[in-house]
Amino acid sequence: APYGFLSFLKAIPVWLKQKLFFKRLLHEGLSKLEGCDKKKIKLLFTEHHLSHAASTFFASNLNEAAILTIDGVGEWATASICKGEGNKITKLKEMHFPHSLGLLYSAFTYYLGFKVNSGEYKLMGLAPYGDKDSQQVNDFVIKIKNNLVKIFDDGSMYMNQKYFNYATGLTMINDSTWEQLFLLKRRKPEDEICQIHCNLALAIQQVTEECVIKMSKTALTLSESNNLCLAGGVALNCVANGKLLKEKIADNIYVQPAAGDAGGSLGAALSVYYIYLNNPRKVSSNYDSMKGSYLGPSFSTQEIDSVINKHKAVATILNEEQLLKQVAHLLKEGNVIGWFQGKMEFGPRALGNRSILADARNTEMQKKLNLKIKYRESFRPFAPCVLEEDVSRYFELNESSPYMLFVANVNNIMHNKEEKNSISNNLINKLNAIRSDIPAVTHVDNSARIQTVNKQTNSKLHALLTQFKEQTTCSLLVNTSFNVRGEPIVCSPEDAFLCFMNTEMDYLVIENYIFDKKKQPIWEKKKIVFTND
């Protein structure tokens with residue numbers, strides 16, 4: 001106060017209408033579901049960062065661990081360090097608003113023309129287009145550290161509020177002070193992306209990685225542990241996670257697949273079950289308790305038939321062996337396939353049950369997927385799903401990465417040596433360069449965001465990759481989420497069919513039904529109303 005008066009005016013109606021009366025609203029909602037006596041129901045509220053911490057530690061296969069949570073802000077905390085042991089979590093250290101690594105990254109998301117709270121992954125995808133050897137990137141890093149944020153040895157930070165507007169205003173930053181500092185106008189969403197934007201994205205990514213590594217080392221030291229669990233929105237920065245693996249700072253690193261606020265629901269339930277109710281905790285030595293994060297709804301044959309009848313669609317039913325052979329062959333021939341199986345994934349990543357699959361060896365595939373299927377920015381990279389037992393054949397990774405939350409480099413033996421020396425600084429040339437034998441999943445810095453697939457958690461995708469390997473000797477595929485830009489991942493068979501018909505996908509597979517686009521009725525594109533919107 002008084003600088004935050006406008007922000008206060010905008011926020012206070014929500015408090016007066018809802019937040020101050022949340023207990024009453026919850027009781028009313030529960031009464032509508034079933035007759036509830038509010039005197040007999042105890043409502044429990046977990047702190048935001050405790051929910052994050054519980055979601056990752058209690059879901060992991062670790063008996064004890066350091067827990068690091070980093071996000072924008074929850075209540076007043078912006079990062080926390082805890083010790084997890086058995087069925088208990090002990091808070092050791094917190095960083096408080098307005099000093100926040102998550103908000104710092106979101107400020108750059110806004111400045112570079114992407115949407116706050118959803119465009120951060122675009123910023124992360126843009127960073128590798130920056131020239132890491134350029135003086136400009138180095139100058140940007142120095143300006144960030146000298147003007148925007150002071151970073152301490154333990155990873156905590158102090159942010160200069162002269163440059164930020166989120167605590168007192170209605171936008172993330174003070175545009176004029178940033179434009180004077182970086183000598184760059186704030187990019188509008190429709191503006192062209194230039195090399196200077198890429199260089200600035202790389203600079204903030206490097207600063208973020210430095211903070212995450214320092215915070216992680218502090219968490220391990222304070223907790224006296226060699227295991228690390230991560231959650232919070234910043235834990236979705238898989239490039240930073242990959243740097244943690246590469247530095248070998250811990251014996252085991254576990255990242256909650258729904259690391260953002262969606263995972264708070266899981267963390268709230270787990271914290272009550274273990275901490276409040278004091279239930280004993282059993283830990284599996286091999287796998288976490290997320291069941292591959294396939295925790296969403298599945299659909300019956302009758303529900304698939306209903307969609308076919310409703311849209312007069314044409315589908316062929318095959319047994320599993322026939323289906324896998326045919327799909328592997330279609331992928332080998334360059335087709336793009338919508339792959340819909342079993343339970344939907346929980347969290348932001350499609351992990352092979354609501355996925356679009358394609359052949360990563362195809363030199364035109366990244367361009368085709370971005371422009372004709374996903375309708376999104378051409379610079380955006382795609383991720384591979386690979387047989388867990390073959391991951392080190394392609395990537396500098398010797399561990400499992402089931403949730404697509406670690407980035408690793410493509411092995412040197414896969415690199416295109418001739419192309420490497422001819423790539424210019426031109427963005428289009430960088431994008432179109434054939435960097436490796438698996439170009440559709442090799443980012444401009446020769447990295448990839450990897451999903452390893454094992455037979456226990458996803459037997460059908462594992463079987464498809466095995467069949468593709470038999471036909472091609474290659475045991476990985478492009479795996480991108482089954483949606484188009486700006487829409488949620490499909491949930492139901494109808495969502496899947498409508499998305500399939502509204503894009504240039506070639507085939508759709510729902511369970512053991514296969515749909516050929518050429519055999520479908522004449523179709524006018526329709527607005528998709530998603531069941532999980």
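Ser51 touches Thr46, Gly264, Gly267 and Ala268, leaving aside residues up to four places away in sequence. The model is predicted. Two buried residues, Ser51 and Leu387, and the largely enclosed helix H18 are covered below.

**Ser51 in helix H3**
- Ser51 sits in helix H3, which spans residues 48-57.
- Its relative accessible area is 5%; because the cut-off for buried is under 20%, Ser51 counts as buried.
- The side chains of Ser51 and Thr46 are joined by a polar contact of 2.7 Å.
- Thr46 is also among the residues that Ser51 touches, along with Gly264, Gly267 and Ala268.

**Leu387 in strand S11**
- Strand S11 covers residues 383-387 and includes Leu387.
- Leu387 is buried, at a relative accessible area of 2%.
- Beyond residues up to four places away in sequence, Leu387 touches Val453, His462, Leu465, Thr466, Lys469 and Ser475.
- Gln451 is 64 residues from Leu387 along the chain, yet their C-alpha atoms are separated by 8.6 Å.

**Helix H18**
- Helix H18 runs over residues 493-501.
- Eight of its nine residues are buried, so H18 is largely enclosed by the rest of the structure.
- Those buried residues are Pro493, Asp495, Ala496, Phe497, Leu498, Cys499, Phe500 and Met501.
- One helix packing partner of the buried H18 residues is H11 (301-311).
- The buried residues of H18 also pack against strands S9 (337-340), S15 (507-510) and S16 (513-516).

Conventions
Residues are numbered from 1 along each chain as its sequence is written. This is a predicted model: local features need pLDDT of at least 70, side-chain atom pairs count only at pLDDT 80 or more; totals for chains, interfaces and linings use all residues. Side-chain values use heavy atoms; hydrogens and water are left out. Helices (H or I, at least four residues) and strands (E, at least two) are DSSP runs, numbered from the N terminus. Buried means under 20% relative accessible area, exposed over 50%, partly exposed in between (1.4 Å probe, protein chains only). A polar contact is a pair of N or O atoms within 3.5 Å; within protein, one must be able to donate a hydrogen and the other to accept it, and residues adjacent in sequence count only if both atoms are side-chain atoms. Contact means heavy atoms within 4.5 Å.
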